[in-house]
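Good morning, colleagues. I would ask you to keep the structure in view while I speak.

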Amino acid sequence: IGIGHGLEDLIAILNKKINGKQLELHLVGKVRDSYLMKLEDLVLKNQVRAYFKYHGMQPFAQLPEFLSQFDVGIAIHTPYNVTYSTGGTASNKIYEYAASGMPVLLFDNVHYRTYLEHRKWTFFTDLTQQSLLKAIEVIDENLSQYSDEAYSDFQNEFNFEQIFQDRLIPVLKSL
């Protein structure tokens with residue numbers, strides 16, 4: 001959890017409702033104290049304390065069950081360096097969310113669109129309030145469908161066992 005993930009922009013919209021539902025932001029993982037303090041200052045400034053929760057680190061083995069409490073995964077990486085501008089095929093977070101049956105918010109850039117635009121469960125934002133609210137609204141209107149699509153794609157394509165079986169076993173057999 002750090003800069004470049006759109007968290008400040010998400011905090012700024014926590015006072016909004018989508019389809020009559022209150023937005024909440026739940027953060028899980030490692031964060032520097034100084035950055036968490038910055039986020040908490042924004043939470044207080046925007047008067048959204050009731051809608052923001054930092055859960056700390058969670059055991060990796062328990063993460064799927066923990067994530068099942070939530071609706072949308074945030075895998076926003078603004079392209080402030082090469083790592084974050086080209087993470088569409090390498091960001092574990094995207095696929096962890098899919099494995100948990102969660103639609104995912106991504107930063108809208110060419111790289112992410114190239115690899116993920118055709119997925120029904122991926123939604124792109126430029127981090128403007130309008131873009132964030134629209135993406136979340138669309139997700140909310142068909143959450144069950146997008147959740148099913150994410151989980152299906154994970155089961156059928158985006159897991160080690162499937163890739164190992166479909167791609168690596170034939171290579172190993174040919175050797």
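I shall discuss a sheet, a helix pair and two pockets, in that order.

Please note at the outset that this is a predicted model.

Let me begin with the sheet. It is an open sheet of 3 strands, arranged in the order 5-6-7, and the pairing is parallel. At its edges lie strand 5, residues 73-74, and strand 7, residues 122-125, each of which pairs on one side only. Strand 5 and strand 6, the latter covering residues 104-107, run parallel and are joined by 2 bridges. I74 has L105 of strand 6 as its bridge partner. As a general reminder, the strands of a sheet pair through backbone hydrogen bonds, in either a parallel or an antiparallel manner.

I turn now to the helix pair. Helix 5, residues 92-99, packs against helix 8, residues 143-156, at an angle of about 110°, and the axes are 7 Å apart. Angles of 65 to 115 degrees count as roughly perpendicular, so helix 5 is roughly perpendicular to helix 8. Which residues make the contact? From helix 5 they are Y95, A98 and A99, and from helix 8 they are A150, Y151 and F154. By class, this contact comprises 6 nonpolar residues, with no polar and no charged ones.

Next, the pockets. The largest pocket has a volume of about 1100 Å³. It is lined by 40 residues, and those closest to its centre are L25, H26, V72, I74 and Y97. I74 therefore appears twice in this account: it is the bridge partner of L105 in strand 6, and it is among the residues closest to the centre of this pocket. Several elements supply at least two lining residues each, including helix 1 (7-12), strand 3 (25-27) and helix 7 (129-141). Which element supplies the largest share of this lining? That is helix 5, with 4 residues. The lining as a whole divides into 25 nonpolar, 8 polar and 7 charged residues.

The second largest pocket holds about 490 Å³ of space. Of its 20 lining residues, Y95, E96, F154, F158 and N159 lie nearest the centre. Two or more lining residues come from each of helix 3, helix 5, helix 8 and helix 9, the last spanning residues 160-174. Helix 9 gives the most, with 5 residues. By class, the lining has 10 nonpolar, 5 polar and 5 charged residues.

Finally, let me return to the helix pair. Y95 and F154 take part in the contact between helix 5 and helix 8, and Y95 and F154 also lie among the residues nearest the centre of the second largest pocket.

Technical notes: Residues numbered from 1 in each chain as written. Predicted model: local features only at pLDDT ≥ 70, side-chain atom pairs only at ≥ 80, totals over all residues. Heavy atoms only, no water. Axes fitted to C-alpha atoms, helices over the stretch in contact; angles between N-to-C directions. Parallel < 35°, antiparallel > 145°, perpendicular 65-115°, else oblique. Contact = heavy atoms within 4.5 Å. Nonpolar A, V, L, I, M, F, W, Y, C, P; charged D, E, K, R; others polar. Pairing = 2+ DSSP bridges. 1 Å grid on protein atoms, 1.4 Å probe; cavity = no way out; pocket = protein on both sides within 12 Å on 5 of 7 lines; lining within 4 Å. Points joined across faces, edges and corners; volume = space filled by probe spheres on them.
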